[in-house]
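Q: Could you take a close look at one helix for me, and at the salt bridges too? I'd like one connected walk-through.

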Amino acid sequence: MFASAATKQTKQTFLGLAQKRFNHDLIISSKTGRPIIKRGGGGRSSSSGHVVTVFGCTGFLGRYLVNRIAREGAHVIVPYRDEDDMRHLKVMGDLGKIIPMEIHLRNKDSLEAAIRHSDTVYNLLGRDYETRNFSFEDVHVEAAGILAELATKHEVDRFIQVSALNANVDSPSRFLSTKAKGEEVVRSAFPNATIVRPSAMYGQEDRFLARLAMSRGLSIRINEGTTKVRPVNVADVGAGMRIMLDDPKTVGQIYELVGDQEYTYAQLLQFIKETTNQDLGEINVPKPVANMIAKALNFLPWQTVGADEIERMMIDDKLTPGAKTFEDLGIEPTSLELTGIQYLRRFRSNLYTDDPLPKGVVGKKKVYHTQYL
Ligand SMILES: NC(=O)c1ccc[n+]([C@@H]2O[C@H](COP(=O)([O-])OP(=O)(O)OC[C@H]3O[C@@H](n4cnc5c(N)ncnc54)[C@H](OP(=O)(O)O)[C@@H]3O)[C@@H](O)[C@H]2O)c1
């Protein structure tokens, strides 16, 4: 009934302009049969027809994902714990399209209220370290399982779970083993869930490049800098996860989203050194010593480096055979080497001013590329 209504190409006349609707403006949920109907030209003031809940929206990846889906006119429910942490999200969509809802992971009613009206749930909840109130199991396994169960109960069409590259139940890292268990509980409660496993993400406010670059004058190498990583741009992950919203081919799949190139930590430090003109002295720290330092730092009242993060810095990034990648989403990952300066500029030493100005040619005119300064 809905399909025939859409093919009829309904015309709305406003100031003499006719707005047509086409077959591709209608998506019928394969699971529930419910129609999702687009209206308008596709910008933030139109409607994509989706009602989406993004758990973990107040974090790093959350802002890139919410921005992507809200600017296409979706209604986005943004569950938050602290009101200040979600304010920046409110301006990402048109008036009334961003709907903040206060939640607590131990208050099931609050989680249910945030899911009840949605056709898609993204679960980005995660933590790099444990706190006094929440263990890795609480956040990565228990909460993920509850959200997937609630999504099934309320006949949510899509559940997209963010895990992590190298997630493995037998991993020595509890972060990675609980991420793998989280995938299992989600899949048993919501069998068609899409799993996304990003590698270490970098971007403007990351905890990866910034942490390596911040060491100013002294960089600590774990595993002698030989661990291999494939850092991925957070905006690429956000773009890929936006595609999953409408693409039925992504249902039930596993995506491993990694950067274009593999680096060792030593190579990354070298790249940072060259880009920032910092003279980074390097110390190789054996794992037991690094663990002891991390444990001592964990007594500080603010977050530093966790012992489990040291464990993860010993594990090479490996792609799982058969897992889908950016290529399957039609995305070419951003090159860290070409764009790294954007994120590292603020760490540059004033010594870069001693370098000769880089030159270029625009038309017939020789110019200095001031944007590289
Ligand atoms: N960043 C990376 O390099 C990386 C790499 C691989 C996988 N991942 C995974 O990708 C996802 C997104 O990463 P991210 O970097 O955006 O993470 P993030 O910045 O740490 O944000 C995590 C989000 O989870 C929420 N959260 C954590 N513990 C919670 C709790 N007990 N109760 C309620 N909310 C809680 C946070 O809410 P609050 O703001 O209220 O704390 C925040 O919205 C996570 O699952 C992460 O594990 C990240």
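A: Here is a walk along helix α5, followed by a few salt bridges.

This is a predicted model, so to speak of source: local features need pLDDT of at least 70, side-chain atom pairs count only at pLDDT 80 or more, and totals for chains, interfaces and linings use all residues. Residues are numbered from 1 along each chain as its sequence is written, and side-chain values use heavy atoms, with hydrogens and water left out.

Helix α5 covers residues 136-153; helices here are DSSP runs (H or I, at least four residues), strands are E runs of at least two, and both are numbered from the N terminus. Its 18 residues should span 26 Å at 1.5 Å a residue, and the end C-alpha atoms, 25 Å apart, agree with that; the expected span is 1.5 Å times one less than the number of residues. There's a bend of about 30° at A143 (the angle between axes fitted to the seven residues ending there and the seven starting there). A143 is also among the buried residues of α5, as are F136 and L150 (buried is under 20% relative accessible area, exposed over 50%, partly exposed in between, with a 1.4 Å probe and protein chains only). Their cover includes β5, α4 and α6, with contact meaning heavy atoms within 4.5 Å.

K153 forms a salt bridge with E112, closest N and O atoms 2.6 Å apart (a Lys or Arg side-chain nitrogen within 4 Å of an Asp or Glu carboxyl oxygen). K153 sits in α5 and E112 in α4, so the pair ties together parts 41 residues apart in sequence. K153 is exposed at 55%, whereas E112 is buried at 11%.
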